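Trainee: I would like a close look at a single part of this model, set against the chain as a whole. Please take one helix and go through it.

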Amino acid sequence: MRRLVSETEVRPRQLVLPMFVKEGLAQPAEIGSMPGVLQHTRDSLRKAAVEAVQAGVGGIMLFGVPAERDAVGSGATDPDGILNAALADLRSELGDSTVLMSDCCLDEFTDHGHCGVLAADGTVDNDATLEVYGEMAVAQARAGAHVVGPSGMMDGQIAFIRNALDQAGLHDTGVLAYSAKYASAFYGPFRDAVESQLAGDRKTYQQDPANGREAIREVQLDLAEGADMVMVKPALLYLDVLRSVAEISDVPVAAYQISGEYAMIEAAAANGWIDRERSILESLTSIRRAGADIVLTYWAVEAARWLDR
Ligand code: PBG
């Protein structure tokens, strides 16, 4: 009876696996605060991506960890930079068997760790950053990304990137807008994963956790600017925001179950305090029930296997 009347389903095709690739790495490396998640070498990334596709995931979101960083994040726009090189590897390995997405943001590539370039006074320069995002999006699309994911929360980034892609003839590349991204404490483990250099915080560009209405405004702007999909991030602490975004969006809505959400469940399960598999599946079901069409989750492969049996 429960099976017959269940309202919400989670299917492997709705899950997107975020993956990390690190330049110059000899062996895949464990991320201490994200047990079970790896920084990949270019080689181990290919193999793990093939396994993810075999498990049926709908997409992969790739993040790069460069060996060297500078003030303007040069590695991000360099076609030989780690993220672009690894995107090319994956596209040639996977073709169109899954949706290949790339993080279109500077924080992994800058020596100050901010998502954009800085003005002389040390604040993030929104409009100068847009120029770099445009170049970065084109480099990622040329490398093989089907979809670029601007996660830097700069104003006007979706229109700017859409225009840069179109100018370069990359009309078929999609844009997944991280529209409502909150300045969250729960990104902590991710910052280990990408070896973030950030000293301060991102409060001048990411949203205040206190604000729900602001998320709707951010989504409406991104829709008007040409977003093909919009995202709410984090997921579990923002299910109310997700629900209201799902109600107004006329494009698919994604939610990112972030590193801190992953770490909390893994830690509690490792202590025997909660049942790991049930907790993971319950969390994914909740995110879907709140209105997400797509869920980015570090458990994508494992969950896809459970859901398929
Ligand atoms: C920024 C970015 C972040 C995450 C994805 N993209 C971190 C941040 O804003 O500091 C976090 C993802 C996670 O915590 O799993 N490019």
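Mentor: A residue is called buried when its relative accessible area is under 20%, and exposed when that area is over 50%. The model is a predicted one, and by that cut-off 55% of the 309 residues of the chain count as buried.

The whole chain comes first, as the setting for the helix. The chain holds 11 helices and 10 strands. Its radius of gyration is 18 Å, and the globule rule gives 19 Å for 309 residues, so the chain is as compact as a globular protein of that length. Measured out along the principal axes, the C-alpha trace spans about 60 × 45 × 40 Å. Taking contacts between residues at least 6 apart in sequence, 75% join residues at least 24 apart. The accessible surface of the chain is about 13,300 Å², and carbon and sulfur atoms account for 48% of that. As for charge, there are 26 positive and 45 negative charges, and their mean positions lie 8 Å apart.

The part to look at is helix 9, which covers residues 259-270. With 12 residues at 1.5 Å a residue, helix 9 should span 16 Å; its end C-alpha atoms are 16 Å apart, so the model agrees with the expected value. How many of the 12 residues of helix 9 are buried? Nine of them are, and the helix is mostly covered. The buried residues of helix 9 are Ser259, Gly260, Glu261, Tyr262, Ala263, Ile265, Glu266, Ala268 and Ala269. Glu261 and Glu266 are thus among the buried residues of this helix, and both count as negative in the charge tally.

What do the buried residues of helix 9 pack against? Their partners are helix 6 (188-193), strand 9 (253-257) and helix 10 (276-290). Just after helix 9 comes Gly272, with a positive phi of about 75 degrees.

For a second buried site, outside the helix, take Cys115, in the loop between strand 5 (99-104) and helix 4 (126-143). The relative accessibility of Cys115 is 1%, and therefore this residue counts as buried. Beyond its neighbours within four places in sequence, Cys115 is in contact with several residues, including Cys105, Leu106, Asp107, Thr129, Tyr133 and Arg202. Gly152, Met154 and Tyr205 are also in contact with Cys115. Gln157 is 42 residues from Cys115 along the chain, and the C-alpha atoms of the two are separated by 12 Å.

Note on methods. Residues numbered from 1 in each chain as written. Predicted model: local features only at pLDDT ≥ 70, side-chain atom pairs only at ≥ 80, totals over all residues. Heavy atoms only, no water. Helix = DSSP H or I, 4+ residues; strand = E, 2+ residues; numbered from the N terminus. Rg over C-alpha atoms; globule rule 2.2 N^0.38 Å. Buried < 20%, exposed > 50% of the residue type's maximum accessible area, 1.4 Å probe, protein only. Contact = heavy atoms within 4.5 Å. Areas by Shrake-Rupley, 256 points an atom, 1.4 Å probe, with all protein chains shown as cover. Charge placed at Lys NZ, Arg CZ, Asp CG, Glu CD. Expected span 1.5 Å × (residues − 1).
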